Amino acid sequence: MQTRKLMFSIVIACGLASCARDEPAAVREGSARLVLKPLVISQAAEWRRRTAYVPVYSSIHWGFDRKLVDLSITVTLRNTSTERDLAVHSVRYYDSTGKLIRSFVDTPSSLSPMTTADFVIQQRDTTGGVGASFRIETGSSGEADDALIEAVMIGQNGNAGVSFTSQAKDLEPQVKQAK
């Protein structure tokens, strides 16, 4: 009996200790940390920079009773080129008031040809609200930026499930000299 109590106490202590060290779930989830690599830009190369705005929803209004349904968000950034890496300069998540909530990419990174990076906001993270958004800056040394950016939102209200997608809107592209 004492051995069982001791083992139970050890399991509980280990579980509590591991919870205290965990990073926030939204930062750990998604493939971006696995597929993005450091970016090396040639000093002489010109590159085209693109800024994309992606409307997303961490919650939506449901019915007429002012009820909000919380949603999980997955934003995918796809390099559609079969030859060139895609530069990823920043990936930022904003709430409904335009306040920066989280920055997923702070240092320029590279996404290999035909590779997808995804960024996840868990359903329990409702800080974005109904007007949340991502602002993603990418670039390419070629004629065009080969990024395809989409968002998928999924949630449930009772037995009813809801899911929908949103595509990025390109803001004004810029041609810049690499630094």
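**Exercise 1.** Are Asp125 and Arg102 buried or exposed? Describe how these two residues are linked in this predicted model.

*Solution.* Start with accessibility: Asp125 is buried, and Arg102 is buried too. Next, look at the side chains, which form a salt bridge with an N to O distance of 3.0 Å. Finally, place the partners along the chain. Asp125 sits in the loop between strand E8 (116–121) and E9, while Arg102 belongs to strand E6 (residues 100–105). The two are 23 residues apart, and the pair links distant parts of the chain.

**Exercise 2.** How many salt bridges does the structure hold? Locate those that involve strand E2, and classify the accessibility of their residues where possible.

*Solution.* The count is three.

Step 1. Arg49 pairs with Glu137 through their side chains, at 2.6 Å from N to O. Arg49 lies in strand E2 (residues 46–55) and Glu137 in strand E9 (residues 133–140), with their positions 88 residues apart. Glu137 has a relative accessible area of 15%. Buried means under 20%, so Glu137 counts as buried.

Step 2. Arg50 pairs with Asp170, again through side chains, at 2.5 Å from N to O. Arg50 is in strand E2 and Asp170 in strand E12 (residues 169–170), 120 residues apart. Arg50 has a relative accessible area of 12% and is therefore buried. Asp170, at 43% relative accessibility, is partly exposed.

**Exercise 3.** Which residues have the most contacts inside the largest nonpolar core? State which elements build this core, then list the contacts of Val56.

*Solution.* The core has 28 residues, and Val56, Leu77, Phe119 and Phe134 have the most contacts inside it. Two or more residues each come from E2, strand E4 (67–79), strand E5 (86–94), E8, E9 and strand E10 (147–157). E4 gives the largest share, five residues. Leaving out residues up to four places away in sequence, Val56 touches Ile73, Val75, Tyr93, Val130, Gly131, Ala132, Ser133, Phe134, Ala151 and Met153. Phe134, one of these contacts, is also among the core residues with the most contacts.

**Exercise 4.** Where is Met114 placed, and what is notable about its phi?

*Solution.* Met114 is in the loop between strand E7 (109–111) and E8. Its phi is near 60°, a positive value in a residue other than glycine. For accessibility, the cut-off for exposed is over 50%. Met114 has a relative accessible area of 55%, so Met114 is exposed.

Terms used: Residues numbered from 1 in each chain as written. Predicted model: local features only at pLDDT ≥ 70, side-chain atom pairs only at ≥ 80, totals over all residues. Heavy atoms only, no water. Salt bridge = Lys/Arg side-chain N within 4 Å of Asp/Glu carboxyl O. Helix = DSSP H or I, 4+ residues; strand = E, 2+ residues; numbered from the N terminus. Buried < 20%, exposed > 50% of the residue type's maximum accessible area, 1.4 Å probe, protein only. Core = buried A, V, L, I, M, F, W, Y, C linked by side-chain atoms within 4.5 Å. Contact = heavy atoms within 4.5 Å.
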